[in-house]
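This report is written for a reader who has not seen this structure before. Please look over the sequence and the model first, and then read on.

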Amino acid sequence: MGVPAVVAVLAVVLALPARGLENGLARTPPMGWLAWERFRCNVNCREEPHQCISEMLFMEMADRLAEDGWRELGYKYINIDDCWAAKQRDAEERLVPDPERFPRGIKALADYVHARGLKLGIYGDLGTLTCGGYPGTTLDRVEQDARTFAEWGVDMLKLDGCYSSGKEQAQGYPKMARALNATGRPIIYSCSWPAYQGGLPPKVNYTLLGEICNLWRNYDDIQDSWDSVLSIVDWFFTNQDVLQPAAGPGHWNDPDMLIIGNFGLSYEQSRSQMALWTIMAAPLLMSTDLRTILPSAKEILQNRLMIQINQDPLGIQGRRIIKEKSHIEVFLRPLSQAASALVFFSRRTDMPFRYTTSLAKLGFPEGAAYEVQDVYSGKIISGLKTGDNFTVIINPSGVVMWYLCPKAQLIQQQGPRGTSRLPLL
Ligand code: GLA
């Protein structure tokens with residue numbers, strides 16, 4: 001190749017827009033609140049002023065996040081879902097919020113949220129319409145809508161995929177990544193693309209997704225039931241060989257919202273959803289009424305050690321390591337500083353089950369000893385050796401969850417006053 005040819009090639013390469021998302025966001029799974037599962041497309045503000053999709057709902061939830069201890073724990077995103085927009089774009093073809101339900105506009109809502117140390121998320125749909133029938137973002141509108149969201153001060157975008165073809169999605173999702181980058185505003189980008197393509201290769205390219213999206217919905221919408229949680233758990237762990245390597249800092253699988261605090265889950269099932277989402281390194285997006293949430297649900301969602309595990313900086317997604325004939329399953333997530341999290345999950349429906357095993361049977365290295373903390377009860381087992389048999393009692397559709405630190409390392413980490421680094425609840 002002569003010099004002019006090299007220059008020509010270089011010019012073309014440099015003119016190509018950057019493909020990666022390169023936004024440095026979501027180094028740990030995003031945490032916050034998302035309207036959809038609990039509040040859906042309720043636009044009946046006349047009869048249900050506090051339950052409908054309106055600026056009041058988001059302002060009230062922002063108040064709760066800021067005042068009830070959520071924000072300090074990391075729950076920072078307050079996210080609008082579908083049904084916020086007016087049915088028509090404005091004279092300049094811009095998206096606009098419904099004037100009755102969002103009279104002050106999205107910019108004012110973003111200001112309100114930011115004033116409380118929180119971030120605002122919004123919803124769009126790559127296609128002619130959103131899933132709920134509101135104006136969508138067709139390919140020719142991608143850049144304009146990205147600019148609108150940035151001007152409003154939006155911090156996260158969930159881009160759904162109703163009413164578009166596979167071909168349009170293949171163009172549109174990367175196009176929106178570039179358009180968001182071009183706004184210069186840091187905006188976390190959540191893509192529903194894989195969920196519309198069956199969630200698995202060869203139709204889904206997880207390497208590409210990791211380059212253009214911060215998180216992505218892989219599978220069906222969660223509903224307010226244990227059946228729904230189980231079907232999601234089944235799909236994600238059945239396909240863990242594909243999904244687990246796709247996750248990491250800046251790019252996460254999203255098994256959908258936490259429904260803890262609603263109507264469909266028992267106490268045990270709520271604890272199970274939280275533990276299994278944490279093992280999956282899933283975004284923790286609650287969809288519940290934070291104004292009326294019961295203390296028992298709040299306690300699950302605000303468990304400090306749980307959140308620390310979910311937010312582990314290594315960002316390694318965990319795996320199911322054992323499926324016993326007894327309907328006990330064991331999950332393991334490796335954590336930073338050689339720590340790890342174990343979840344013992346019971347699919348039984350009879351009574352609390354005594355499950356006996358050892359760390360050796362779970363694949364831990366021989367000759368080691370661990371400091372173990374039960375994530376829910378806070379109880380500590382000191383010096384558990386790999387070969388020791390132990391028994392956990394797991395309630396039906398419940399979990400026992402452990403945080404484990406190697407003992408030698410604990411000693412190394414001890415401060416001058418012998419203070420243990422094990423988190424105390
Ligand atoms: C799709 C999405 C849901 C929700 C609705 C809104 O079904 O998967 O999470 O956003 O659309 O209409």
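The text below takes up the ligand site and then a number of strands, a helix and single residues. The model is a predicted one.

**The ligand and its surroundings**

The residues around the ligand are W36, D81, D82, Y123, C131, G132, K158, D160, R217 and D221. Sorted by character, this shell has three nonpolar residues, one polar residue and six charged ones. Three aspartates of the shell place a side-chain N or O atom at a short listed distance from a ligand oxygen, as the table shows.

| Side chain | Distance from an N or O atom of the side chain to a ligand oxygen |
|---|---|
| D81 | 2.6 Å |
| D160 | 2.9 Å |
| D221 | 2.5 Å |

Taken on its own, the ligand has 310 Å² of accessible area, and the protein covers 89% of it.

**Strand β1 and its partners**

Strand β1 spans residues 31-34. In a regular strand, side chains alternate between the two faces of the sheet. On one side of β1 are M31 and W33, on the other G32 and L34, and all of these residues are buried. Both faces of the strand are therefore covered, since buried means under 20% relative accessible area.

Two strands pair with β1. One of them is β8, residues 284-286, which runs parallel to β1 and is joined to it by three bridges. Within this pairing, M31 stands opposite L284. The other is β2, residues 77-79, again parallel and again with three bridges. Here G32 has Y77 as its bridge partner.

**N23, in the loop before β1**

The loop between α1 (3-15) and β1 contains N23. The side chain of N23 makes a polar contact with the side chain of N214 at 2.9 Å. A polar atom of the N23 side chain also lies 3.3 Å from the backbone oxygen of I187. Apart from neighbours within four places in sequence, the residues in contact with N23 are N181, I187, I188 and N214.

**Helix α6**

Why does helix α6 count as largely enclosed by the rest of the structure? The helix covers residues 142-152, and eight of its eleven residues are buried, so the rest of the structure encloses most of it. The buried residues are V142, Q144, D145, A146, T148, F149, A150 and W152. These residues pack against two helices, α5 (105-115) and α7 (166-183), and against two strands, β3 (119-125) and β4 (156-160). After the helix comes G153, which has a positive phi near 90°.

**S164, between β4 and α7**

S164 is found in the loop that links β4 and α7. Its side chain reaches the backbone oxygen of G161 at 3.2 Å. With neighbours up to four places away in sequence left out, S164 is in contact with L126, G127 and Q169.

**The β9-β10 hairpin**

Strands β9 (residues 319-323) and β10 (residues 328-334) run antiparallel and are joined by four bridges. I322 of β9 stands opposite V330 in β10. The two strands form a hairpin with four residues between them. One residue in the turn, H327, has a positive phi of about 70°.

**Two residues in later strands**

Is S346, a residue of strand β11 (residues 340-346), buried or exposed? Its relative accessibility is 0%, so S346 counts as buried. The residues that S346 touches include H327 and I328, along with I394, N395, P396, S397 and G398, when residues up to four places away in sequence are not counted. H327 is the residue with positive phi in the turn of the β9-β10 hairpin. S346 and I393 are 47 residues apart in sequence, and their C-alpha atoms are 9.5 Å apart in space.

I381 belongs to strand β14 (residues 380-385). Its relative accessibility is 35%, which means that I381 counts as partly exposed. I381 is in contact with Y370, E371, V372 and W402, leaving aside its neighbours within four places in sequence. The separation of I381 from I393 is twelve residues in sequence and 15 Å in space, C-alpha to C-alpha.

How values were computed
Residues numbered from 1 in each chain as written. Predicted model: local features only at pLDDT ≥ 70, side-chain atom pairs only at ≥ 80, totals over all residues. Heavy atoms only, no water. Buried < 20%, exposed > 50% of the residue type's maximum accessible area, 1.4 Å probe, protein only. Pairing = 2+ DSSP bridges. Near = heavy atom within 4 Å. Polar contact = N/O pair within 3.5 Å; in protein donor to acceptor, adjacent residues only side chain to side chain. Areas by Shrake-Rupley, 256 points an atom, 1.4 Å probe, with all protein chains shown as cover. Nonpolar A, V, L, I, M, F, W, Y, C, P; charged D, E, K, R; others polar. Contact = heavy atoms within 4.5 Å.
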